[in-house]
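Colleague: I would like a close look at one part of this predicted model, with the surrounding contacts described carefully enough that I can follow them on screen. Please take it residue by residue.

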Amino acid sequence: SLALFDVTKKIHGLGKRERLLLQLAAILHDCGKYVSMTAPGQCAYDIIMATEILGINHEERKILANVVKFNTLELESYEEMHLTRKTYTIIYKLTAMLRLANAMDRSHKQKLADATMTLRNGRLIIYVKTSEDVSLEKGLMEEKARFFEEVFGVTPEIKVKKG
């Protein structure tokens with residue numbers, strides 16, 4: 001997720017604090033599954049909102065909790081969430097990055113861990129050198145890529161080199 005953040009820095013306009021929130025979201029994105037497998041997003045939101053995290057203020061914790069929640073749930077409108085447009089935009093962007101990163105490691109086997117990424121001509125090209133089958137990740141990434149493209153106007157694409 002941090003590699004996605006870094007490679008798209010010119011188009012998302014987010015800073016160091018948002019990068020930290022994305023890093024925390026990547027770490028905490030599955031914490032709700034320990035409470036409920038049927039509503040992990042809402043449970044993760046509740047866990048994060050009920051937990052004081054050192055170095056994160058309340059507003060940042062709301063952003064973090066919502067990014068984790070909407071990793072698996074349909075994003076609500078900013079009016080429904082009672083947020084400012086700025087806060088909502090941050091959640092929207094970080095959620096798009098987390099969803100794509102999560103799809104890239106769907107098997108939880110770090111098959112794409114050594115990926116290199118480049119932004120060229122409206123495409124985010126993800127180069128992967130692996131001897132493993134990445135069909136699952138490619139298939140799920142296509143679904144999440146549509147949301148990423150909607151948010152950033154950039155089409156993610158995996159290019160696999162067997163090695």
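Colleague: Is Glu60 buried or exposed, and what is its relative accessible area?

Modeller: In this predicted model, Glu60 has a relative accessible area of 11% and is therefore buried, the cut-off being under 20%. Glu60 forms a salt bridge with Arg17, and the closest N and O atoms of the two are 2.8 Å apart. This pair links distant parts of the chain, since Glu60 sits in helix H5 and Arg17 in helix H3, 43 residues apart. Arg17, for its part, is partly exposed, with a relative accessible area of 37%.

Helix H3 also holds Arg19, which forms a salt bridge with Asp6 in helix H1 (residues 2-7). The closest N and O atoms are again given as 2.8 Å apart, and because Arg19 lies in H3 and Asp6 in H1, the pair ties together parts that are 13 residues apart in sequence. Both partners are partly exposed: Arg19 has a relative accessible area of 27%, and Asp6 comes to 38% relative accessibility.

Helices H3 and H5 meet a further element, helix H4, which spans residues 40-49. Its buried residues are Pro40, Gly41, Cys43, Ala44, Ile48 and Met49, and these pack against helix H3 (16-28) and helix H5 (58-69). As background, an α-helix has 3.6 residues a turn, so residues three or four places apart point the same way.

Cys43 deserves a separate word, since a cysteine in a buried position raises the matter of disulfides. Cys43 is buried at a relative accessible area of 15%, and Cys31, at 14% relative accessibility, counts as buried as well. The sulfur of Cys31 has its closest cysteine sulfur in Cys43, but the separation is 8.9 Å, which is too far for a bond. Cys43 is accordingly in no disulfide, and the count of disulfides comes to 0.

Turning back to the charged pairs, the count of salt bridges comes to 8. Besides the two described above, one of them joins the side chains of Lys144 and Glu143, with 3.7 Å from N to O. Lys144 is partly exposed, with a relative accessible area of 23%, and Glu143 counts as partly exposed at 42% relative accessibility. Elsewhere, salt bridges that share partners join Arg123, Glu157 and Lys159 into one network.

Lys144 and Glu143 also appear in the lining of the second largest pocket, alongside residues that include Asn71, Tyr88, Arg99, Phe147 and Glu150. About 190 Å³ of space lies in this pocket. The elements that give two or more residues to its lining are helix H7 (85-104) and helix H8 (135-152), with H8 giving the most, at 4 residues. By character, the lining of the second largest pocket divides into 5 nonpolar, 2 polar and 5 charged residues.

One last buried residue is worth locating, namely His12, which lies in helix H2 (residues 9-12). His12 counts as buried because its relative accessibility is 3%. Leaving aside residues up to four places away in sequence, His12 touches Phe5, Lys93, Met97 and Phe152.

Definitions and conventions:
Residues numbered from 1 in each chain as written. Predicted model: local features only at pLDDT ≥ 70, side-chain atom pairs only at ≥ 80, totals over all residues. Heavy atoms only, no water. 1 Å grid on protein atoms, 1.4 Å probe; cavity = no way out; pocket = protein on both sides within 12 Å on 5 of 7 lines; lining within 4 Å. Points joined across faces, edges and corners; volume = space filled by probe spheres on them. Nonpolar A, V, L, I, M, F, W, Y, C, P; charged D, E, K, R; others polar. Buried < 20%, exposed > 50% of the residue type's maximum accessible area, 1.4 Å probe, protein only. Contact = heavy atoms within 4.5 Å. Disulfide = S-S within 2.5 Å. Salt bridge = Lys/Arg side-chain N within 4 Å of Asp/Glu carboxyl O.
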